[in-house]
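Visitor: I would like to learn how to read a model such as this one, feature by feature. Could we start once it is in view?

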Amino acid sequence: MRVMVIGKANEGAAKDAVPTVEAFAAMDKFTEELAQAGVLVAGAGLKNDAQAKRIIIDGDKRMIVDGPFAETRELVAGFQIWEVKDMDEAVAWLKRYPNPMPGRAEIELRPFYEAADLAEYVTPEELATPRSGERGKLGVA
């Protein structure tokens with residue numbers, strides 16, 4: 001099963017604070033362990049919200065909102081995609097996750113929709129057809 005590990009921004013990350021050398025080294029070491037174990041599929045840190053945009057979709061209308069945004073507790077600071085056998089394995093890895101920033105950190109773990117989850121929306125033939133390109137590598141939806 002694939003899961004997304006979502007690192008939430010804390011006040012420091014939202015203000016463009018950078019991790020300490022020690023925190024960066026710990027995260028780098030942990031990421032290497034994930035890669036060596038065949039768990040890591042992808043991952044990246046995100047720049048602060050001052051450089052971000054939000055798109056609000058309301059029916060056929062689109063509104064663009066420039067960052068920074070008022071609420072930092074809902075911002076994503078980074079993500080990883082892991083391939084694990086089940087949520088228990090993902091939680092076991094997550095318990096070893098280093099704190100990348102000073103202070104309190106919050107990490108969210110969410111499973112992806114997999115082919116079996118979409119069976120009522122997609123024909124068996126469509127599910128059996130391999131996808132090409134990035135879409136084929138990262139997901140079914």
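Visitor: Which element of the protein has the lowest mean pLDDT, and which the highest?

Guide: This is a predicted model, in which local features need pLDDT of at least 70 and side-chain atom pairs count only at pLDDT 80 or more, whereas totals for chains, interfaces and linings use all residues. Residues are numbered from 1 along each chain as its sequence is written, and side-chain values use heavy atoms, leaving out hydrogens and water. The predictor's confidence in each residue is its pLDDT, from 0 to 100. Helix α5 (residues 133-138) has the lowest mean, 56, and helix α3 (residues 87-94) the highest, 97; helices here are DSSP runs of H or I with at least four residues, and strands are runs of E with at least two, numbered from the N terminus. Where pLDDT is low, the predicted coordinates should not be read in detail.

Visitor: In what order do the strands of the open sheet lie?

Guide: Two strands pair if DSSP finds at least two bridges between them. Here 4 strands follow the order β2-β5-β1-β6, with antiparallel pairing, and the edge strands, β2 and β6 (107-111), each pair on one side only. Strand β1 (residues 2-8) is joined to strand β5 (residues 76-83) by 7 bridges, and V3 stands opposite W82 in β5.

Visitor: Why does N48 count as buried?

Guide: Buried means under 20% relative accessible area, exposed over 50%, and partly exposed in between, with a 1.4 Å probe and protein chains only. N48 counts as buried because its relative accessibility is 10%. N48 belongs to the loop between β2 (40-45) and β3 (53-58), and its side chain reaches the backbone nitrogen of A50 at 2.9 Å.

Key:
Polar contact = N/O pair within 3.5 Å; in protein donor to acceptor, adjacent residues only side chain to side chain.
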